[in-house]
Amino acid sequence: MGPKSERVYLTIREWISTGKYQPGSKLPSERTLSEELSIGRTALRQVLAKLIAEGAIEVHGRSSYRVPDRSVSTETPTDVEPWQIHGERTVYDNRWVKLSLVDVEPPGVERFEHHVVRLHHVAIAAVLDDQDRVLMLWRYRFVPDSFGWELPGGIVDDGEDAAQAALREVEEETGWRPDALEHVVTYQPMVGMVDSPHEIYVGQGAKLVGEPTDLEEAGHVAWVPLADIPGLMARGELMGSGTLVALLHVLASRGAGAAPTTAA
């Protein structure tokens with residue numbers, strides 16, 4: 001973004017952080033914002049798209065913007081006990097995967113050994129452009145023996161910051177360098193038996209700096225329209241839980257959670 005767009009971006013961010021616009025409140029129309037902030041509509045929409053990608057605002061309809069209301073009314077239950085862990089022994093261990101048997105005791109149940117698979121820490125990124133497209137890879141995965149679209153991402157190296165890992169993986173796998181990434185959620189993909197924290201990042205804007213350098217992980221690189229995501233999901237062409245979690249977050253933040261899911 002240019003200096004004027006950056007000024008407008010910081011101004012709207014300040015409005016939200018200082019409470020000028022409370023969670024759930026509606027922002028002024030694009031015309032009002034354009035006049036009040038002395039910025040053209042095209043540049044303003046680029047700023048708003050960045051704020052949407054970061055989760056600072058949401059879009060409702062075509063051009064109505066609101067501050068997300070993330071207040072939670074659900075109370076945390078206090079009457080559920082944790083399992084007791086009495087020990088753990090390793091069954092198999094190498095640089096990629098560790099299989100353990102954990103001696104556990106659920107409340108009111110006899111102790112038993114539970115299999116636990118420990119994998120790496122992973123970072124995944126959804127990078128968007130100003131045309132409402134997301135940077136993706138069409139890849140073959142031999143385990144399910146199928147092709148599909150995925151977001152760039154990979155293992156966080158020892159001692160590496162997850163955000164830096166996400167930036168690195170995007171560039172290595174696509175040749176595009178994101179302008180910035182913001183963390184949106186950390187989750188476990190198979191929480192009952194597998195330990196593998198997944199960090200999801202979202203960013204707006206990237207520049208092409210070269211060809212992909214990670215040839216093992218690289219695939220066909222493309223900017224995929226967000227409008228196509230529900231149809232690709234319905235056709236089973238989105239692969240990996242990280243890709244699904246990140247894209248569902250993006251669609252929800254843009255008010256597209258109820259988009260039609262009929263296959264194209």
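This is a short walk through one structure, from its cores to its helices, its sheet and two single residues. Keep in mind that the model is predicted.

Let's start inside. The largest nonpolar core has 22 residues. Which residues have the most contacts inside it? They are Val 134, Met 136, Leu 151, Val 224 and Ile 229. Several elements give two or more residues to this core. On the strand side, these are β6 (122-128), β7 (133-141), β13 (198-204) and β15 (220-225). On the helix side, they are α5 (229-234) and α6 (241-253). A second, separate core has 19 residues, including Ile 12, Trp 15, Leu 27 and Ala 56. In general, nonpolar side chains of soluble globular proteins tend to be buried together.

Look at Leu 151 for a moment. Set aside residues up to four places away in sequence. Leu 151 then touches Ile 124, Ala 125, Ala 126, Val 134, Leu 135, Met 136 and Arg 139. Leu 151 also touches Gly 242, Thr 243, Ala 246 and Leu 247.

Now the helices. Take α1, residues 3-17, and α3, residues 41-53. Their axes come within 10 Å and cross at roughly 45°. That makes α1 oblique to α3. The crossing is right-handed. Which residues meet there? From α1 come Ser 5, Glu 6, Val 8, Tyr 9, Ile 12 and Arg 13. From α3 come Ala 43, Leu 44, Val 47, Leu 48, Lys 50 and Leu 51. Ile 12 should sound familiar: the second core includes Ile 12 too.

Next, Glu 30. Glu 30 sits in helix α2, residues 30-37. Is Glu 30 buried or exposed? Its relative accessibility is 6%, so Glu 30 counts as buried. Leaving aside neighbours within four places in sequence, Glu 30 is in contact with Arg 41, Leu 44, Arg 45, Leu 48, Ser 63 and Tyr 65. Leu 44 and Leu 48 also belong to the α3 side of the helix crossing.

On to a sheet. This one is open, with four strands in the order β3-β4-β5-β12 and mixed pairing. The edges are β3 (84-93) and β12 (194-195). Each has a single partner strand, so one side of each is left without a neighbour in the sheet. Strand β5, residues 112-118, runs parallel to β12, and two bridges join them. Val 117 stands opposite Val 194 in β12.

Last stop: Gly 108. Where is Gly 108 placed? Gly 108 lies in the loop between β4 (98-105) and β5. Gly 108 counts as exposed because its relative accessibility is 88%. Gly 108 and Trp 83 are 25 residues apart in sequence. In space, C-alpha to C-alpha, Gly 108 and Trp 83 are 9.8 Å apart.

Technical notes:
Residues are numbered from 1 along each chain as its sequence is written. This is a predicted model: local features need pLDDT of at least 70, side-chain atom pairs count only at pLDDT 80 or more; totals for chains, interfaces and linings use all residues. Side-chain values use heavy atoms; hydrogens and water are left out. A nonpolar core is a set of buried Ala, Val, Leu, Ile, Met, Phe, Trp, Tyr and Cys residues joined through side-chain atoms within 4.5 Å. Buried means under 20% relative accessible area, exposed over 50%, partly exposed in between (1.4 Å probe, protein chains only). Contact means heavy atoms within 4.5 Å. Two strands pair if DSSP finds at least two bridges between them. Axes are lines fitted to C-alpha atoms, for helices over the stretch in contact, and angles run from 0 to 180 degrees between N-to-C directions. Angles under 35 degrees count as roughly parallel, over 145 as roughly antiparallel, 65 to 115 as roughly perpendicular and the rest as oblique. A crossing is left-handed if the near helix is turned anticlockwise from the far one by less than a right angle, and right-handed if clockwise.
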